[in-house]
Amino acid sequence: MNLDEFHNIIGKTIMHCQIIEHDIKRIYASMLKGDYYDNLIKVEKWSLGQTIKKLKELDFSDKKPYLSASDYNFLMQMTEKRNHWCHEAYQNFIYNKEFLNSKEYLDECYKLRRDYDRLSQVSKNVEDVRIEIQNKYGRV
């Protein structure tokens, strides 16, 4: 992967993280009893991890979850992945003058492709669930 492709995919990876966080909070606010907007104001203050834990508990409460256990496991790892791509990835190779040929760069390229592919899939799943739930509960 060349550096321009790396830049492009890392941007898309971060975009998917933001979309997932947005949708997770709206799913929870929609499913929670009470006023959707009041729920959303409360949920917006929470961390992503806190929201995912509470959503998983609510989602599995009727034994018919919208998201799979595998999706929730991945979502719980997402904060760490997002932090890596925002704060660490470039530091792992950029100071090497020959970084494009370095093991560190190749390792980051591999991890980036793997995370991007999974985040793309989960992002689509979460978006579909958000739309389904907001339609079901008559939320905006």
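In the predicted model, the sulfur of Cys-109 lies 17 Å from the closest cysteine sulfur, that of Cys-86, and is therefore too far away for a bond. The residue Cys-109 is itself buried, with a relative accessible area of 8%. A comparable analysis applies to Cys-17, for which the closest cysteine sulfur also belongs to Cys-86; the separation is 7.0 Å, again too far for a bond. Cys-17 is likewise buried, and its relative accessible area is 1%. Since a disulfide requires two cysteine sulfur atoms within 2.5 Å, neither the 7.0 Å separation from Cys-17 to Cys-86 nor the 17 Å separation from Cys-109 to Cys-86 qualifies. Consistently, a search of the whole structure returns zero disulfides.

The nonpolar interior was examined next. The largest nonpolar core comprises 22 residues, and those with the most contacts inside it are Ile-20, Ile-24, Ile-27, Leu-55, Leu-67, Leu-75 and Met-78. Two or more residues of this core are supplied by each of helix 1 (3–31), helix 3 (48–59), helix 4 (69–88) and helix 5 (103–136). Helix 1 provides the largest share, amounting to six residues.

The surroundings of Leu-67 illustrate the packing. When residues up to four places away in sequence are not counted, Leu-67 touches Ile-24, Asp-59, Phe-60, Tyr-72, Leu-75, Asn-125, Val-126 and Val-129. Of these partners, Ile-24 and Leu-75 are also among the residues with the most contacts inside the largest core. A second core, separate from the one described above, contains 11 residues, including Ala-89, Phe-99, Tyr-105 and Tyr-116.

Definitions and conventions. Residues numbered from 1 in each chain as written. Predicted model: local features only at pLDDT ≥ 70, side-chain atom pairs only at ≥ 80, totals over all residues. Heavy atoms only, no water. Core = buried A, V, L, I, M, F, W, Y, C linked by side-chain atoms within 4.5 Å. Buried < 20%, exposed > 50% of the residue type's maximum accessible area, 1.4 Å probe, protein only. Helix = DSSP H or I, 4+ residues; strand = E, 2+ residues; numbered from the N terminus. Contact = heavy atoms within 4.5 Å.
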